[in-house]
Every structure is written in C-alpha cells, then in structure tokens.
Amino acid sequence: MSDSMQEEAHTGPIKTPKQLLLAAIMAFVVPVIVIIGLVAYVTSENKPSGSTQAEAYAMGGMTAQDLERGVAERLRKVGTVEIRDANRPLKAGADVYKAQCAACHDGGVAGAPKFADAGAWAARIKTGFEALVASALKGKGAMPPQGGGDHNDVEIARAVAYMANGAGAKFAEPQGQAQAADAGASAAAAPASAPAAPATQTAAAPAAAAPAAASGQGEALYKQACMACHAAGVAGAPKLGDKAAWAPRIAQGMDAMVQVAIKGKGAMPPRGASTASDAELRAAVEYMANASK
C-alpha cells in the first residue's frame, strides 16, 4: 500500500499522450500570440492612423498642433524634382560673382584670392584660363565644387574670367551655344558683304582664311562644351596640352577621333552633349589635338 501511495505522489497532471501533445502545442502557440499582440500594440502606438489621431483629438488626448504635425508627416514628400530651363539666358560673369563668389573673394575668406588683388591673382593667371576654370568646377581647398552654387559650367567660367580680368588678365568671356551660333553666322555673313579683293589676292585669301576660321570655331566649341572635362581630365578625358595622353589618339588619325566625338565614348556623351555639327566637332577636335602635339 505504501508503494502505491508513493507512486501516486510522483505522478504529474499530464497522464496521457493526448494531454502531453496539447500541452506542447499550447506552450508554442500562446507565446507566439502574445508576441504578435505586443508588436501590434507598439506599432499602433508609434504610427497611428488618421482615424485614430482624429479620435484621439476629439477625445482630448491630442492637441491641435499634434494632429497637424501627424497629418504633415503623412503628407511629407518623399523627394523633390528640380527642373531647370536649359535655354534660359546665361548670366554675366559679374552677376555670377556677386551672387556666388563675392562672399569669399571680396574679403579673402579661407585663403580665397581677393577681387582685384593683382598680387594674389598673378600666379593663378599664369596657369591659364582652363586651369582656373577646372579649379572652380572641381573645387579647391576650402572652396566646394562650383563654389557651392547652382550655376552651369559656362556661367562659372564667366565668373572666373570676370575675377581674373579684374586682377589684370585679359580672358575672353565664354559664350553659350546661342551666342556661338550667332557669332558663327556673323562670321559667315561678313565675307559676303565685304568688298571684292584684287585679282592677285583672290587665290591666296580663302586658303589662308579657312584654317584660321576653323581654329577659331574649334576653340569656341571647346570652351563651350569640351573644357569642363578636358581642362582637368575629368572621368579619364585627355587633358588639353597633355602630349602623352593625346599621342595614341592622334596616331589613330583625325577621322577616328572625330567619330569618337560624334558617337561618344566612356563617360563622354555623343557630341559632348552639345548640338554642334560634324564640321564644328572636327574643328574642336583639331583644336585640342594641335594644342596637345
């Protein structure tokens, strides 16, 4: 009898396999349900819906400022898209300087050469216009790229010319696409309106004028579309005047280089993202190649 009582004392509440299975299932399901409930509770508290916020405001549990803040949070823009007019008139160098550069260059902040300080600008002017523009576009020292502004490359180049010329340089202000086209049209119309040359000069004059015109046209397109990358060697572009970088390209021949300019290669888009004609592109390629021989 004592053995029977001792056996009953060691017997637990689970006496059958069915009870054991039910206990195991409950031990798994109940914690999962509790966890799901806690997650739903925390989530609903942190990110209440609009109806919940409105109900809370109606019941006095939320101020009007909290309600407006919640609505503004739900309507907040994910991102913004800025559209600029690529055909807008380009700003003059003086205007870009006043809007963007004067804050540092008027007072020589953080080592910036002061405007009209010939001594501070002399060594920089000697490096050439392309080098100055490259520094402005890429940034240098405490100056961020483009001086931290939102002007396009041509306008930045105009500001550089304005500052350098104020210290004694004589750089021409870069032209935009429309201005370059107008200049080209004027140059083309000029010979037609000029008086006829003597018979002894008619044979030699066109041969001498054609290379000069092509060179001027090539330089204008270079400053307009090519200088932003080729002045500083951006994204692997061969720098103007770098004989080692241009030598293998020149060895391929002018036609091959012009085709690369037309079709684009690597980071360079077709036609350098310009609207120049094939003849204008050839003139620009010839200008860069001749300057790099």
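Of the 293 residues in the chain, buried ones make up 23%. The model shown here is predicted, and the chain has a mean pLDDT of 74, with 66% of its residues at 70 or more. Its secondary structure consists of 13 helices and zero strands. Along the sequence this gives the pattern α-α-α-α-α-α-α-α-α-α-α-α-α. About 19200 Å² of the chain is exposed, and 61% of that area is supplied by carbon and sulfur atoms. Among contacts between residues at least 6 apart in sequence, 56% join residues that are at least 24 apart.

Confidence varies along the chain. Helix H6, residues 118-126, has the highest mean, at 91, while helix H9, residues 177-193, has the lowest, at 47. Two stretches call for caution in reading. Over residues 180-188 the pLDDT stays under 50, and the model has three contacts beyond four places in sequence for them. Over residues 190-208 the pLDDT again stays under 50, and here the model has two contacts beyond four places in sequence.

The interior comes next. The largest nonpolar core holds 39 residues, and those with the most contacts inside it are Trp121, Phe129, Val133, Tyr222 and Met227. Two or more residues of this core come from each of these elements: helix H5 (93-105), H6, H7, helix H8 (153-166), helix H10 (204-230), helix H12 (254-263) and helix H13 (278-291). H8 provides the largest share of the core, seven residues.

Helix H7 is a useful place to look at this interior in detail. H7 spans residues 129-138 and is mostly covered, with seven of its 10 residues buried. The buried residues of H7 are Phe129, Glu130, Leu132, Val133, Ala134, Ala136 and Leu137. Two of these names, Phe129 and Val133, are also listed among the core residues with the most contacts inside it. Apart from its neighbours within four places in sequence, Phe129 is in contact with Ala157, Val160, Ala161, Phe171, Pro174 and Met227. Just after H7, Gly139 takes a positive phi of about 90 degrees.

Several of the helices in the core also take part in a pocket. The second largest pocket has a volume of about 640 Å³. It is lined by 28 residues, of which the closest to its centre are His105, Ala112, Pro113, Lys140 and Met143. H5, H6, H7 and H8 are the elements that give two or more residues to this lining. The most comes from H5, with five residues.

A last stop is Leu240, in the loop between H10 and helix H11 (243-251). Is this residue buried, partly exposed or exposed? Buried means under 20% relative accessible area and exposed means over 50%; Leu240 has a value of 24%, so it counts as partly exposed. Beyond its neighbours within four places in sequence, Leu240 is in contact with Glu130, Tyr222, His230, Trp246, Tyr287, Met288, Ala291 and Ser292. One of these partners, Glu130, is among the buried residues of H7, and another, Tyr222, is among the core residues with the most contacts. Met227, also named in that core, lies 13 residues from Leu240 along the chain, and the C-alpha atoms of the two are separated by 8.4 Å.

Technical notes:
Residues numbered from 1 in each chain as written. Predicted model: local features only at pLDDT ≥ 70, side-chain atom pairs only at ≥ 80, totals over all residues. Heavy atoms only, no water. Buried < 20%, exposed > 50% of the residue type's maximum accessible area, 1.4 Å probe, protein only. Helix = DSSP H or I, 4+ residues; strand = E, 2+ residues; numbered from the N terminus. pLDDT = per-residue confidence, 0-100. Contact = heavy atoms within 4.5 Å. Areas by Shrake-Rupley, 256 points an atom, 1.4 Å probe, with all protein chains shown as cover. Core = buried A, V, L, I, M, F, W, Y, C linked by side-chain atoms within 4.5 Å. 1 Å grid on protein atoms, 1.4 Å probe; cavity = no way out; pocket = protein on both sides within 12 Å on 5 of 7 lines; lining within 4 Å. Points joined across faces, edges and corners; volume = space filled by probe spheres on them.
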